[in-house]
Amino acid sequence: MTASLMQRLRPWWVPLSIVALWELSSRAGWLSTRVLPEPWAVLTACWRLTLSGELAEHVAVSSARALAGLAVGGGLGLLLGLLTGTWRAAETLLDSTLQMVRNIPALALVPLIILWFGIDETAKLFLVATGVFFPLYLNTFHGIRSVDAGLVEMARSYGLSGLALYRQVILPGALPSILVGLRFALGLMWVLLIVAETISARSGIGYLTMNAREFLQTDVVLLGIILYALLGKLADVIARALERAALRWHAGYQGATA
Amino acid sequence: MMMSEIDTLQLTRPLPFVGEAAPREMPARRPGHGAAVAIEALSKRFGERQVLSEVSLRIAPGEFVALVGRSGCGKSTLLRLVAGLERGDGGRIGIDGEAPDATADTARLMFQDARLLPWQRVLDNVALGLSGADARERAREALAQVGLADRARDWPAVLSGGQRQRVALARALVHRPRLLLLDEPLGALDALTRIEMQGLIERLWLEHGFTALLVTHDVAEAVALADRVLLVEDQRIAFDEHVPLARPRARSSAAWAAFEDRVLQRVLRQPDLPVRAPAPQPLGRLRWAV
């Protein structure tokens, strides 16, 4: 019992001792609070902002932006991926253009985006949407193209066509690849949101940290960084759960269902 | 009108039930359900390579025909043409007078790999392409016929190769096809499972009375199952004989061994290779020859 608990705690030893050492050096005065606030200060800042309701508000605003960007960019990526994956004509027409645009880093568009949309919500949405578009587009396209041709032939010879063929064979076949795209997109989503919110914002986690920087509140800055990390992890956990649920049939996930 | 045509064909086809003991523990053969297949001067080429040239063949309703031949001889292509998965370059195919249509219910194809949808449970795989309220009930029945009723809720990934092929067989039979096309369906199975599957296919064929066209490179399998064995060679049907064995067939019988050997010898007969003058060889190579 205790042995298995120790076993389970083992991965946490290193991070816990780092935090302990950090707390110790702050208390001893070896580490200036201007460089790094003590962990306890971060916790109290978190508690203070939770009580005032600021924390919930900023997290909600940031999450809403991230999800809106994902819905627009990811949705478009998925649709275009399905289109070019399914019809050769669409591929000929669109794919090489998209492959060219893909090589532009989304962040290189920042000056242009500011010129186009100013610094309000549209700019943030646009930046996140362009970032998440490509992982979903590429993986959807690839997924559709790599569906086992033998299965498609079998399904056709068993009378499936059109929507039924798409729903029962092509989409499930492409799903593993689409979900990989989604996980990439979720990672990029937060990176781009941080950039967008750091450039300018009147609310959100980025606003919280930039504002705290003005007032040298390093504890709040650190809290913001930790929040981003937690939200990123949360998105990944959700994506994994989605994979497990959608790919129950897959040999790699079979253990969970038995 | 169609029925009378089938009846005539049924009467004119030679009966393989001669000699040996009467069938035991075998379901009575159900006549009349199978489709007649007529192939006339069928040709097919892939690019420069002629695969079939002017092949003609008639299969009576309810008959079990096996196509054997070396790999790459075109026997699978012939089957795919009948299934409507490929189009011929010349000639015509009639299944009860209709051109092959991959989407029609008349014919069903069983592939060498089971081709089950890995993301659908066994029962849904069998019900693929069925419609109507009783689809799942019919699928359950078909699954019971191949002895896998208790695996209905499983994923295909956990089944063995033989079980997957049995699911594929149930999936084909649930449509009550009048022509069952089998493209080396047992090629990837171990010897014991093959014999078991052959028995199952024969039993279901006798029960349902469909016409069956089996492609195989295993002569023993052809002799075990078929009324008639055809050899595809040099783009044509080079050999066409009725199997002179009554059902159920005993693998140990002398008649079986004799017939199997005859087919095998015919399959193995080397086509005449063009005789080439031996090329002048360097001295080093000659020394090896001495």
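**A walk through chains B and A**

In strand S4(B), Gly90(B) is the bridge partner of Ser43(B). That pair is a handy place to start in this predicted model. Ser43(B) brings us to strand S1 of chain B, residues 37-46, which pairs with S4(B) in the antiparallel sense over 5 bridges.

Now step back to take in the sheet around this pairing. It is an open sheet of 3 strands in chain B, in the order S2-S1-S4, and the pairing is antiparallel. Strand S2 (49-59) and strand S4 (90-95) of chain B each have a single partner strand, so they stand at the edges, and one side of each is left without a neighbour in the sheet. If you follow the sheet across, the twist from one strand to the next averages 25°.

What does the rest of chain B hold? Its secondary structure comes to 9 helices and 9 strands. Of the 290 residues in chain B, 41% are buried. The contacts are worth a look too: among those in chain B with a separation of 6 or more, 71% are between residues 24 or more positions apart.

Chain B also touches its partner. Here 15 residues of chain B are in contact with 17 residues of chain A. On the chain B side, the residues that touch chain A divide into 11 nonpolar, 2 polar and 2 charged.

Let us cross over to chain A and look at two of its helices. Two packed helices are described by the angle between their axes and the distance between the axes. For helix H4 (residues 54-86) and helix H10 (residues 205-214) of chain A, the angle is about 130° and the axes are 7 Å apart. An angle of about 130° makes H4(A) oblique to H10(A). To find the contact on screen, pick out His58(A), Val59(A) and Ser62(A) on H4(A), together with Ile205(A), Tyr207(A) and Leu208(A) on H10(A). By class, the residues of this contact are 4 nonpolar and 2 polar, with no charged ones.

One last stop in chain A is Arg27(A), which is found in helix H2 (residues 13-27). Is Arg27(A) buried or exposed? It has 11 C-beta neighbours inside 10 Å, and a residue with 12 or fewer counts as exposed, so Arg27(A) is exposed. You can also set Arg27(A) against Met6(A): they are 21 residues apart along the chain, and their C-alpha atoms are separated by 29 Å.

Technical notes: Residues are numbered from 1 along each chain as its sequence is written. Chains are lettered from A and ligands numbered from 1 in the order in which they are written. This is a predicted model: local features need pLDDT of at least 70, side-chain atom pairs count only at pLDDT 80 or more; totals for chains, interfaces and linings use all residues. Two residues are in contact if their C-beta atoms, placed from the backbone, lie within 7 Å. Ala, Val, Leu, Ile, Met, Phe, Trp, Tyr, Cys and Pro count as nonpolar, Asp, Glu, Lys and Arg as charged, and the others, Gly among them, as polar. Two strands pair if DSSP finds at least two bridges between them. Helices (H or I, at least four residues) and strands (E, at least two) are DSSP runs, numbered from the N terminus. Axes are lines fitted to C-alpha atoms, for helices over the stretch in contact, and angles run from 0 to 180 degrees between N-to-C directions. Angles under 35 degrees count as roughly parallel, over 145 as roughly antiparallel, 65 to 115 as roughly perpendicular and the rest as oblique. A residue is buried if 20 or more other C-beta atoms lie within 10 Å of its own, exposed if 12 or fewer, and partly exposed in between; C-beta atoms are placed from the backbone.
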